[in-house]
Amino acid sequence: MSLPRRTEIRRTTPMPPRATPIARSEFRRTVPRATRPASGRGKAVPARDIPTGLRRLVLDRDLERCVRCGRHTAGIARSIQHRQARGQGGRLGAHTAANLILLCGHATTPGGCHAYAEDRSNWADTTSHGWVVSSFAPDPAAVPVFVQWLGWCWPGEQWTPCDDSGR
């Protein structure tokens, strides 16, 4: 419990006046955010730039179900996950059907599959199931995905089942 202050706090030395006022142009960014490199290796591609046709293709291919848990995502939070992160070298093929999967939740929503995929403590599980692809993989289309209702599949415009071993 703190006691109320009886005297007002005052600055003992006044702030020196600024010789020239701050110009509004000093606050503007010199380089727009969209063209700033995410990791120093090129331009970052915003997720909102996924073409509408490709977004619809991913939703239809995944039957509007979460690839990880199989839950139907109609009416709940859902997001399209880039398997190979755009900031980790996946910018060139960022917006391809092989690099995108549908997951429930958002990256910042605890308990959702997207947050699970984004959590680095789950790296071994998410990469072994193909929900996340390492930046060292040359092409996300070459990494199979474990789809909850189909099993191991090759990604693309349609899920193509793998052989019995899954790899």
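**Strands, helices and cores of a predicted model**

Strands β1 and β2 run antiparallel and are joined by five bridges; two strands count as paired if DSSP finds at least two bridges between them. Helices (H or I, at least four residues) and strands (E, at least two) are DSSP runs, numbered from the N terminus. The structure is a predicted model, in which local features need pLDDT of at least 70 and side-chain atom pairs count only at pLDDT 80 or more, while totals for chains, interfaces and linings use all residues. Residues are numbered from 1 along each chain as its sequence is written, and side-chain values use heavy atoms, with hydrogens and water left out.

Within the pair of β1 and β2, Ser79 stands opposite Leu103 of β2. Strand β1 is mostly covered, since four of its five residues are buried. Here, buried means under 20% relative accessible area, exposed means over 50%, and partly exposed lies in between (1.4 Å probe, protein chains only).

Helix α1 spans residues 52-61, and its buried residues are Leu54, Val58, Leu59 and Arg61. An α-helix has 3.6 residues a turn, so residues three or four places apart point the same way. Among the elements that cover the buried residues of α1 are β1 (78-82) and β2 (100-104). After the helix comes Leu63, whose phi is positive, near 55°.

The account now turns to the interior. A nonpolar core is a set of buried Ala, Val, Leu, Ile, Met, Phe, Trp, Tyr and Cys residues joined through side-chain atoms within 4.5 Å. The largest such core has 13 residues, and those with the most contacts inside it are Val67, Ile101, Leu103, Val145, Val147 and Trp159. Strands β2 and β3 and helix α2 (113-118) each supply at least two residues of this core; the largest share, three residues, comes from β2. Leu103, not counting residues up to four places away in sequence, touches Cys66, Val67, Arg68, Arg78, Ser79, Gln81, Cys113, His114 and Ala117, where contact means heavy atoms within 4.5 Å. A second, separate core of eight residues includes Ile50, Leu54, Val58 and Ala97.

Further along the chain, three strands form an open sheet in the order β3-β4-β5, with antiparallel pairing. Strands β3 (145-147) and β5 (160-161) stand at the edges, each with a single partner strand, so one side of each is left without a neighbour in the sheet. Between β3 and β4 there are three bridges, and Val147 stands opposite Gly151 in β4. These two strands form a hairpin with three residues between them. Strand β4 (residues 151-154) is joined to β5 by two bridges, and this second hairpin has five residues between its strands. Across it, Cys153 has Pro161 as its bridge partner in β5, and Trp154 stands opposite Thr160.

The cysteines complete the picture. A disulfide is a pair of cysteine sulfur atoms within 2.5 Å, and the structure holds zero disulfides. Why is Cys104 without a bond to Cys113? The sulfur of Cys113 is the closest cysteine sulfur to that of Cys104, but at 3.5 Å it is too far for a bond. Cys104 counts as buried because its relative accessibility is 4%. Cys153 is likewise in no disulfide, and the nearest cysteine sulfur, that of Cys162, is 6.2 Å away. With a relative accessible area of 1%, Cys153 is buried.
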